[in-house]
Amino acid sequence: MLIFSHVSLIRDGRTVLSGIDATALPHGLIALLGPNGAGKSSLLAVAAGELAPAGGECEFDQLPLARTHANTLARRRALLPQQSSLEFDFSVREVVRLGGTPFPDIPGHELEGLIDSVLQLTDAESLTERRYLNLSGGERQRVQLARVLVQACAAAAQGPALLLLDEPTASLDPRHQHMLLAGLRELARKLPITVLASLHDVNLALTYAEQSWLLYEGRLVAAGKSVDVLTPERLAAVFQLPVRRVEDQLVFGLARGPLA
Ligand SMILES: Nc1ncnc2c1ncn2[C@@H]1O[C@H](COP(=O)(O)OP(=O)(O)OP(=O)(O)O)[C@@H](O)[C@H]1O
């Protein structure tokens, strides 16, 4: 379980998270929503053990994240930041293989099999022989996703694992957004992986995330079943924009309602 207990965080002298209490169960995809600057990336960085709370504690599977060695963290959780920089001229497969670096004990053929399966999940198989630096923004995003998926799946083979994704769908086209979230949901059901992903698309959260956490000005204003959290009234208040349900818009995806 990922547990935030009274977490507060100060950055640059400003309180950017306060009083965060939340629990994420294993085998779930949780969407993290909120306006720009609400604290989504900061909360993901706390969950990754990269930023230490000023107060409270964040634990994953009884591991106090801020006080855990980087090598141990790398074997338990994978983080995809909003922007990944890579300056070396690696092939796509080499970039994805980097996800296996914390696990030198995995036999080579197993790692290559895992790489193949995550390349399929991210629809990046056709890119394998390309140079990473020559790819488009969305293609790079899919390759970086494949890299952290290798890390998370390798971690999950040894115990509960955490996958933290900061706006994973930001540069993806609609088909790849849906493919990714459907794939992540399946993965989290099959393996002991908790996925926490920040999203700006409320409809994607309603369709694919069992749970949603809604942040506003550093506070968690609601957490629970997506359909209960993401109500028009609450979204209108948090995003300071009128929200309505409509029948006449084009919506990608299969014709089914939000997750019950
Ligand atoms: N490196 C930093 N140093 C100091 N303050 C920061 C830093 N990064 C972010 N902040 C501040 O922390 C607050 C929360 O930022 P954060 O990036 O967590 O928000 P977010 O919800 O992820 O926003 P967005 O939707 O724009 O990505 C903001 O007020 C931001 O200005």
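Two strands count as paired if DSSP finds at least two bridges between them, and the strands (E, at least two residues) and helices (H or I, at least four) are themselves DSSP runs, numbered from the N terminus. The model here is a predicted one, so to speak of local features takes a pLDDT of at least 70 and side-chain atom pairs count only at pLDDT 80 or more, while totals for chains, interfaces and linings use all residues. Residue numbers start from 1 along each chain as its sequence is written.

On those terms, β9 and β10 form a hairpin with 2 residues between the strands, and Glu217 takes a positive phi near 50° there. The two strands run antiparallel and are joined by 6 bridges; one pairing puts Tyr216 opposite Arg219 in β10. On to the rest of the sheet: it is open, has 6 strands in the order β6-β7-β8-β3-β9-β10, and its pairing is mixed. The edges are β6 (77–80) and β10 (219–225), each of which pairs on one side only. From one strand to the next the twist averages 15°, with axes being lines fitted to C-alpha atoms (for helices, over the stretch in contact) and angles running from 0 to 180 degrees between N-to-C directions. Helix α6 (residues 174–190) packs on this sheet and touches β3 and β8 (193–198), its direction making about 155° with that of β8; contact means C-beta atoms, placed from the backbone, within 7 Å. Strand β3 (residues 28–33) runs parallel to β9 (residues 211–216), with 4 bridges between them, and Leu33 has Leu214 as its bridge partner in β9.

Two more non-glycine residues show up with positive phi. Asp61, with phi near 50°, sits in the loop between β4 (55–60) and β5 (63–64). Gln240, at about 50°, lies in the segment after α9 (232–239). Asp61 has 17 C-beta neighbours inside 10 Å and so counts as partly exposed, whereas Gln240 is exposed, with 9 other C-beta atoms within 10 Å. The cut-offs are 20 or more other C-beta atoms within 10 Å for buried, 12 or fewer for exposed, and partly exposed in between, with C-beta atoms placed from the backbone.

As for the ligand, its surroundings include Arg11, Asp12, Lys40 and Ser41, a residue being near if its C-beta atom, placed from the backbone, lies within 6 Å. Helix α1 (residues 40–47) supplies the largest share of this shell, 3 residues.

How values were computed: Contact = placed C-beta atoms within 7 Å.
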